[in-house]
Each structure stands twice: as structure tokens, then as C-alpha cells.
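Open the model in your viewer and keep the selection panel at hand. We go from the whole chain to one strand and its partners.

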Amino acid sequence: MTAISRLSLLGLLVALFGISPTLANDKTMVVPAPLVDDRRQDATAETAVLAGGCFWGVQAVFQHVKGVSRAVSGYAGGTKESATYDMVSSGRTGHAEAVEITFDPRVVSYGTILRIFFSVAHNPTELNRQGPDLGPQYRSAIFTQDATQRRIAEAYVAQLDKAGIYRRRIVTQVNGADPFYAAEAYHQDYATLHPREPYIVFHDLPKIEALKRLFAASARSKPVLLTKAGAEE
């Protein structure tokens, strides 16, 4: 995910000719709220692990969601020994680029987390890819942490498919709680630290703007970051 390897042709056009990044945002939409959800009033923290292509953008989206206290880019599945960017990028380790999200279920429910995931964080109909990024490490997947999360996730995927929200079938995998390994430090808060990098401008900043536009009540203006580059509101 270096600046050179991750630039798409359109990303280069953004950098060179100033093409509006809103072009990348034409697939975002507000999908219906889940019919099955669980806002846990007896807990102050819950964890969700989601994979939706490059973790830079997924992390950035959820860092802007109210009720989220921490979002970590990393690798879900596979082994600890092979959980490095160079090895995961081969597509042969079994990992998915993923984000571990810690949130307060009294503020934002797991179902709402999934709604944002399906609406603005990624395209759930792309198999083993997201945009210019190809390979099984960029697959769409939900790593449920318990039986309740699995019930909500499976019901939601079925609900969206039945409603025909997307032109193509949803390919999002609903998995159990596979191991999660934090990515290298230089991947954390990447969209915030590199807002002018063409890949971020074209692919990720529009996701944040879509969140603020489509989920205004759930969006925060300043992200909750892992580094000292910014502060939680």
C-alpha cells in the first residue's frame, strides 16, 4: 500500500488534473436499517471487526462515527507469523485487511455499525477486490465476535439481498471471530496523516464526506485517532 503501488489511473488524474473526487462516491447510498439489531445497554464497550478492502478508508470512516472510541487497521484471519503487510499483500496468507472497531453500544448499535459499513465504507458486491485493489486480502467480510453479532449480521445480509438494494448479489462473508493482528504503525490513521495522497483523495475522502452527508446524526467532525495527530471530540 505504498504511494506508488496503490495509485489507480483515476487517482493519478486527481493528482495531475484536479478531477473531482466526488466521482468516486457515486456508489454510496443509505441502505435500510437492520430489522434485527441489539443495542446493549448493559455494556460500555463492544468490538466489531470488518473487512472492506483497503483498511485506510474503512478505518477513517469509523474514526468519524460517534460512539466509536478506537479503530485499528490490521489483518483478520491467517497466522500471527504471516500478519505483515508484505506477506498479506501476496494474497496467499488467508488474512483480510480489516479494522477492529471499539464502540459504545449505548451510543451506536452493532446494527448501525453494519449499516454504515454497507452504505459508505465499501462495496459489498465486489468479490475479492475493492476498486483498484485486487486479491482475497481485499475481500468483504464481517468477523462476528459472538452469537448475537452473527445473528444480526446474517439477518442483515439476507435482508439487503432480499430487498434488492444492490444491482449485484452481496458477497460479504459472515465469519466467526478469527484472530486479529494490528497492522504496522505507518498504516494507522493513514487517511488523516496523508490527506493529499491521490489514493486517499479519490477513494477515501469521499467515503468520509458521504458519512457526514448521509449519516449526519452519527458523524463526528474530528476523528478519534490512535496517534497524537488529532484528538477525540
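The tour below starts with the setup and then moves through selections.

This is a predicted model: local features need pLDDT of at least 70, side-chain atom pairs count only at pLDDT 80 or more, and totals for chains, interfaces and linings use all residues. Residues are numbered from 1 along each chain as its sequence is written, and side-chain values use heavy atoms, with hydrogens and water left out.

**Whole chain.** Show the cartoon. There are seven helices and eight strands. Helices (H or I, at least four residues) and strands (E, at least two) are DSSP runs, numbered from the N terminus. Now colour by burial. Of the 233 residues, 52% are buried (under 20% relative accessible area, 1.4 Å probe, protein chains only). Switch to the surface. Its accessible area is about 10500 Å², with 55% from carbon and sulfur atoms (Shrake-Rupley method, 1.4 Å probe).

**Strand β6.** Select residues 140-143. Ser-140 and Ile-142 point one way, Ala-141 and Phe-143 the other. All four residues are buried.

**First partner.** Add β1, residues 46-52. Which way does β1 pair with β6, parallel or antiparallel? The sense is antiparallel, over four bridges; strands pair if DSSP finds at least two bridges between them. Look for Ala-51 opposite Ala-141.

**Second partner.** Add β7, residues 173-175. β7 pairs with β6 in the parallel sense over three bridges. Ile-142 stands opposite Val-174 here.

**The crossover.** Finally, select helix α5, residues 147-163. The chain runs from β6 through α5 to β7, a right-handed β-α-β crossover: with the strands pointing away from the viewer, the path from the first strand over the helix to the second runs clockwise.

How values were computed
Buried < 20%, exposed > 50% of the residue type's maximum accessible area, 1.4 Å probe, protein only.
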